[in-house]
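User: I'm new to reading protein structures, and I'd like a close look at just one part of this one. Could you take the surroundings of the second ligand and walk me through them slowly?

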Amino acid sequence: MLAPGCELDPDQEVVRTRPEDYFLRPPSHAPCTACGTVMTIHIVERMALVIPASNSSMRSDRNTYVGKRFVHVKNAYLDSMDEDILYHLDLGTKTHNLLAMFGDVKFVCVGGSPNRMKAFALFMHKELGLEEAEEDIKDICAGTDRYCMYKTGPVLTISHVMVIPSISIMLHELITLLHHARCYDVTIIRIGTSGGIGIAPGTVVITDIAVDSFFKPRFEQVILDNIVTRSTELDKELSEELFNCSKEIPNFPTLIGHTMCTYDFYEGQGRLDGALCSFSRDKKLDYLKRAYKAGVRNIEMESTVFTAMCGLCAAVVCVTLLNRLDCDQINLPHDVLVEYQQRPQLLISNFIRRRLGLCD
Ligand SMILES: O=P(O)(O)O[C@@H]1C[C@H](O)[C@@H](CO)O1
Ligand SMILES: O=c1cc[nH]c(=O)[nH]1
């Protein structure tokens, strides 16, 4: 029982600190001043590793921006390392000149499928009107088959395969890479696919906040034998900027809403068509309707860790492939599926061109 005046619930694993408190601290133990119960306090940290531009005038008028917001890693050990091998990217500080290769990166676009991300890189190359021949755009991570990476002008494109642990490994190495390359003013965007809730398939959802399966805006990471909870807040101005961009594209259904991130595609997303199903159709629909009521408009499998790690300079833009209130199976004809998957790419290409002053 919580004594009157006790600030912390002894059963609670997490205590929120100020959002500006960016540093991870070890859990501490403190007795409740009222009841004397010793509580373990795990600090919620804001992990955003890419420092945001601090006000909108910098963003809306890039030419007046004189400061540099460097990509920042929160690991004191890194700078003391003689060599840093980014194993899953097949890159390293001694084997590659990361500053020369990546120093001019301003946009990083990530998504699950290697082929889709390659197609996006080639599309971006065309949209930016770059001179280099298409055949010269090679997979920078060709030495490994874990992830693929392409660079076209200031745009870096990387695949992250599926689910939280896979994108998390990629993001650790990507953010470290951007830090070694001394990149600054970088915007990171996840472009992908999702299941919609209560909205027409083909709708593009720009995430305002990523939530977990309990509709909470948090990402829980097991670190050693602690659970550390991180915020999944995103930059609202960036979401609105993207939404405004979407209005310029004809027949382009788009909305801003919460995105739910799960650890599984089948039972974890309330599907009735997996190898296991431990709930009824009614329970499934009740859950999805509660999600809708909580503001969730789509479900995917990477956004919470992505936002926790990249947060305030990041966006998540996913097209919906089905309405989960109607069905579980994705049965779109191939050409429709391809067209839907291109929608986030089209929006992001317009956004990048606009940011670079390449739009009419
Ligand atoms: O990269 P995308 O957006 O396609 O990833 C979503 C979320 C899961 O990783 C995968 C499930 O099909 O699609
Ligand atoms: O339903 C869907 C579709 C794509 N990706 C998901 O995670 N869920």
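Analyst: Let's start with the strands. β9 and β14, the latter covering residues 296–300, each supply at least two residues of the shell around ligand 2. Of the two, β9 is the one to watch, as β9 gives the most to this shell, with three residues. One thing to keep in mind while you look around: this is a predicted model.

Now for the full list of neighbours. Around ligand 2 you'll find Thr193, Ser194, Gly195, Phe265, Gln269, Arg271, Ile299, Glu300, Met301, Leu322 and Ile330. If you'd like to see how well covered the ligand is, picture ligand 2 on its own: it would expose 240 Å², and the protein buries 93% of that. Sorted by class, its shell has five nonpolar, four polar and two charged residues.

Two of these neighbours are worth zooming in on. The side chain of Gln269 has an N or O atom 2.8 Å from a nitrogen atom of ligand 2. Arg271 reaches an oxygen atom instead: an N or O atom in the side chain of Arg271 is 2.7 Å from an oxygen of ligand 2.

Next, follow β14 to a residue that isn't on the neighbour list. Asn298 is found in strand β14. Is Asn298 buried or exposed? Asn298 is buried, because its relative accessible area is 0%. Its side chain also has a partner: a polar contact of 3.1 Å joins Asn298 to the side chain of Ser194. Ser194 should ring a bell, since you just met Ser194 among the residues around ligand 2. Leaving out residues up to four places away in sequence, Asn298 touches Ser194, Gly195, Gly196, Ile197, Val205, His258, Thr259, Met260, Cys318 and Thr320.

To place all this, it helps to look at the other ligand too. Around ligand 1 sit Gly111, Gly112, Arg116, His160, Met162, Val163, Arg190, Gly192, Thr193, Phe265, Met301 and Glu302. Compare the two lists and you'll spot some names that turn up in both, including Thr193, Phe265 and Met301. Strand β9 comes up again here: β9, which runs over residues 187–196, gives the largest share of the shell around ligand 1, three residues. By class, the shell around ligand 1 divides into four nonpolar, five polar and three charged residues.

Ligand 1 has close polar partners as well. An N or O atom in the side chain of Arg116 is 2.7 Å from an oxygen atom of ligand 1. For Arg190, a polar side-chain atom lies 2.9 Å from an oxygen of ligand 1. With Glu302, the distance between a side-chain N or O atom and an oxygen of the ligand is 2.6 Å. Taken alone, ligand 1 exposes 340 Å², and 86% of that is buried by the protein.

Where does ligand 1 sit in the overall layout? The domain assignment gives domain 1 (79–185) and domain 2 (191–359). The shell around ligand 1 draws at least three residues from each of them. Measure from centre to centre over C-alpha atoms and the two domains come out 23 Å apart. The contact between them takes 24 residues from domain 1 and 24 residues from domain 2.

Let's follow one neighbour of ligand 1 a step further. His160 is on that ligand's list, and His160 is also touched by Ser166, along with Tyr147 and Val161, not counting residues up to four places away in sequence. Ser166 itself lies in helix α4, residues 164–180. Ser166 counts as buried because its relative accessibility is 15%, and the cut-off for buried is under 20%.

Finally, step back and take in the whole protein. Its secondary structure comes to eight helices and 15 strands, and 49% of its 360 residues count as buried. The accessible surface is about 17,400 Å², with 53% of it belonging to carbon and sulfur atoms. Among contacts with a separation of 6 or more, 74% are between residues 24 or more positions apart. You've already seen an example of such a pair: Asn298 and Ser194.

Notes. Residues numbered from 1 in each chain as written. Chains lettered and ligands numbered in written order. Predicted model: local features only at pLDDT ≥ 70, side-chain atom pairs only at ≥ 80, totals over all residues. Heavy atoms only, no water. Near = heavy atom within 4 Å. Polar contact = N/O pair within 3.5 Å; in protein donor to acceptor, adjacent residues only side chain to side chain. Areas by Shrake-Rupley, 256 points an atom, 1.4 Å probe, with all protein chains shown as cover. Helix = DSSP H or I, 4+ residues; strand = E, 2+ residues; numbered from the N terminus. Nonpolar A, V, L, I, M, F, W, Y, C, P; charged D, E, K, R; others polar. Domains from an automatic or database assignment. Buried < 20%, exposed > 50% of the residue type's maximum accessible area, 1.4 Å probe, protein only. Contact = heavy atoms within 4.5 Å.
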